[in-house]
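Please open the structure in a viewer and keep the selection panel at hand. The tour proceeds by selecting one element after another.

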Amino acid sequence: MDSIKFYELQKTLKENDIMFCYSGYVTQKILVAIGETIKKKLEAEETELGKTKKVFSIFVEGVQNVIRYSADSIGDSNELENEVRYGIITIGHHHNGITVQCGNLIFNKDVERMRERVQVIEGKDKDELKKLYKKQMMAGPEEGSKGASLGFLEMARRAGYPLEFSFEEVSADYTFFCINAII
């Protein structure tokens with residue numbers, strides 16, 4: 001990337017009040033290291049403890065989603081500890097609070113399944129989300145899930161506003177999937 005494009009990237013992040021941005025391959029170890037950095041940054045800004053916990057929880061769920069499901073990966077490991085997948089994560093200030101945004105490529109063949117998972121939680125209030133969470137815990141992981149199938153529900157329960165999801169087809173094989181949470 002030439003220096004002017006790199007400067008434009010920095011300018012865009014600053015204009016959007018982004019305090020943290022990571023784009024690249026991510027692993028469980030990187031998640032832990034970034035998480036510690038974010039906690040320290042929020043502590044330095046004297047963010048209230050409850051909000052810090054919510055931001056951290058949503059950040060962890062979002063990054064785990066990237067680690068488990070990004071279509072852009074190195075190797076073919078299915079063990080969380082060994083997975084290396086590409087995504088982007090930002091944390092920034094928003095007029096309603098703090099925003100956590102995660103994005104990654106998914107295979108086009110997985111878009112409908114992902115839309116169905118998202119539609120289950122869209123428009124639900126906190127009580128409905130709590131019931132869905134309990135129901136999913138009792139049901140166990142969905143087929144093909146690499147976790148407990150609770151990540152989006154956990155994010156929605158902790159967010160201060162409804163989660164925003166977007167799907168942008170970028171090629172014949174891939175779609176860019178993005179989650180935005182405001183705490």
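The stops below concern three helices and the contacts between them.

Please bear in mind throughout that this is a predicted model.

**First stop: helix α3.** Select residues 49–69, which form helix α3. Its 21 residues should span 30 Å at 1.5 Å a residue, and the C-alpha atoms at its ends are indeed 30 Å apart, so the two values agree. Helix α3 is mostly covered, with 15 of its 21 residues buried.

**Second stop: α3 against α6.** Add residues 151–158, helix α6, to the selection. The axes of α3 and α6 are 9 Å apart, and the helices pack at an angle of about 155 degrees. Because angles over 145 degrees count as roughly antiparallel, α3 is described as roughly antiparallel to α6. The crossing of α3 past α6 is left-handed. To display the contact, show Lys54, Ser57, Ile58, Glu61, Gly62 and Asn65 on α3, together with Gly151, Phe152, Glu154, Met155 and Arg158 on α6. By class, this contact has 3 nonpolar, 4 polar and 4 charged residues.

**Third stop: α4 against α6.** Keep α6 and select residues 111–121, helix α4. Here the axes come within 10 Å and cross at roughly 35 degrees. The crossing of α4 past α6 is right-handed. On the α4 side, show Met114, Arg117, Val118 and Ile121; on the α6 side, show Phe152, Leu153 and Ala156. Which classes of residue make up the contact of α4 with α6? It contains 6 nonpolar residues, no polar ones and 1 charged residue.

Technical notes
Residues numbered from 1 in each chain as written. Predicted model: local features only at pLDDT ≥ 70, side-chain atom pairs only at ≥ 80, totals over all residues. Heavy atoms only, no water. Axes fitted to C-alpha atoms, helices over the stretch in contact; angles between N-to-C directions. Helix = DSSP H or I, 4+ residues; strand = E, 2+ residues; numbered from the N terminus. Parallel < 35°, antiparallel > 145°, perpendicular 65-115°, else oblique. Left-handed = near helix turned anticlockwise from the far one by under 90°. Contact = heavy atoms within 4.5 Å. Nonpolar A, V, L, I, M, F, W, Y, C, P; charged D, E, K, R; others polar. Expected span 1.5 Å × (residues − 1). Buried < 20%, exposed > 50% of the residue type's maximum accessible area, 1.4 Å probe, protein only.
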